[in-house]
Amino acid sequence: MDEAFLDVSGSGRRLGDAAEIGEYLRARVFDEQGITCSVGVASSKFVAKLASTSAKPDGMRIVRPAEVMDFLHPLPVGALWGVGPKTEEQLLRLGLKTVGDLAHVPARTLQRALGPAAGGHLHELAWGRDPRRVVPDEPEKSTGHEETFGTDVDDPAVIHRELLLLAERTAGRLRSGGWLARTVSIKVRFADFATITRSRTLDVPTDVGQELYDTARALFDALGLERARIRLVGVRAERLVEAGSAPQQLELGAREHGRRDAELAADRAARRFGAGAVRPATLLHRDGRPGRSGGAAATRPRPPARYPEG
C-alpha cells in the first residue's frame, strides 16, 4: 500500500486539527519505518490527493475550503481524476490546458465532447466538488503481483516463468481472501519505460493459479514482441466475486480431484513449511531448489520429502 485516505473530522478533540494530525502521521511513519511520506489536507478526497502529490516527497500541503479554486485552477487538466492520455488529448484539442479553462466551459458542452458521465464528472471536479466519502472497509476489487527485473529481459521463456510465479502468488491471495477472479490482466513495461496492459474476461471465475497463468501467457504471447527488452511484468486478477456466491461450472468426465485441489494442498503445505514448500517444477532450478526466473535461489531450508498424513 502506498497511499490511504483518512477521515479525521471526528478526531479533533483527541488528536488536534487536521494539520496537527498530518504532522503526527508523517513523524510516526518516519520513526517506525524510516521513510518519508507526503500528506495532503483538504475537505474532499480529490483535493486532498492533489495536495499530497504537490507535497511530495516529504512535506504537507493544506488546502482550506476558501483556497480550493486558487489551488485547482492553475493545474494542468491531466491532474484531474479520470483524465488519461486520450481524454487529455481531446481536451487540449479543445484548447483546454488548465483545470480553470475546463471549469469555465459549460457542463453540457463537456458532455457533448466527452460523453454524459465523463463530461459531468470532470466539470464537478474542476470546481472542487467531490462528494465521495472515505469508506474504511471497501471490498477489494482486484489483486495481483508484479516484478521488476534486475536487468532487462528479452527471453520469452524467462517471461513465461515469471508470469507463472506471479499467477501462483495471485491465486494464493485470491484463495486466502475467499475471492474468485472474472478477469485476468497483465502489465508489461519495456526498457524505455513504455507500459502496456492487456486483459481477458474468463468464462468462469477462478482462483486457480494454472488458469490465471494460461490466460496471462496467452495475453503475453498475443503481443508478438519478438525479443523486446522488458523491464517489468505483472499479473492481476480483477472483477472479484465472493467464492461462495459464484456458480460452479460442472464438466462431464472431469476428475474427482482437479488442479484446484492440488493448489489447496499446496496452500496447506505452505502454511506448515513456509512459502514455496510446493511449487510447479518449472519454477525449480536444476538442483531442485526453489528460485526466481532471474536466477536467485531461495535460501530457506527445504521441507521434509514426506509429509505426515492429514
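## A first look around the model

Let's start with one residue: setting aside neighbours within four places in sequence, T215 touches V184, R200 and L202. T215 sits in helix α10, which covers residues 209–221. With a relative accessible area of 9%, T215 falls under the 20% cut-off, so it counts as buried. Bear in mind that this is a predicted model.

Now for the sheet. Four strands make up an open sheet in the order β3-β6-β4-β5, and their pairing is antiparallel. At the edges are β3 and β5, each of which pairs on one side only. On average, neighbouring strands here are turned by 15° against each other, direction ignored. In general, the strands of a sheet pair through backbone hydrogen bonds. Strands β4 and β6 run antiparallel and are joined by 11 bridges. Within that pairing, K187 has G234 in β6 as its bridge partner.

Two helices go with this sheet. Helix α9 lies across β3, β4, β5 and β6, and runs at about 155° to β3. Helix α10, the home of T215, packs on the sheet as well, touching β4, β5 and β6, with its direction at about 35° to that of β4.

Here are the strands and their residue ranges:

| Strand | Residues |
|---|---|
| β3 | 142–153 |
| β4 | 179–190 |
| β5 | 195–206 |
| β6 | 230–242 |

What about the nonpolar cores? The largest one has 28 residues, and I159, F220 and I230 have the most contacts inside it. At least two residues each come from β3, α9, β4, α10 and β6. Helix α9 gives the largest share, eight residues. I230 is a good one to click on: leaving out neighbours within four places in sequence, its contacts include F149, I159, V188, F220 and L225. There's also a second, separate core of 22 residues, with L50, L80, L91 and A126 among them.

One more stop is helix α3, residues 45–54. How many of its 10 residues are buried? Seven are, so by the under-20% cut-off this helix is mostly covered. The buried ones are K45, F46, V47, A48, L50, A51 and S52. L50 is also one of the residues in that second core. And what covers the buried residues of α3? The cover includes strands β1 (39–41) and β2 (60–62), along with helices α4 (68–72) and α8 (116–126).

Conventions:
Residues numbered from 1 in each chain as written. Predicted model: local features only at pLDDT ≥ 70, side-chain atom pairs only at ≥ 80, totals over all residues. Heavy atoms only, no water. Buried < 20%, exposed > 50% of the residue type's maximum accessible area, 1.4 Å probe, protein only. Contact = heavy atoms within 4.5 Å. Pairing = 2+ DSSP bridges. Axes fitted to C-alpha atoms, helices over the stretch in contact; angles between N-to-C directions. Core = buried A, V, L, I, M, F, W, Y, C linked by side-chain atoms within 4.5 Å.
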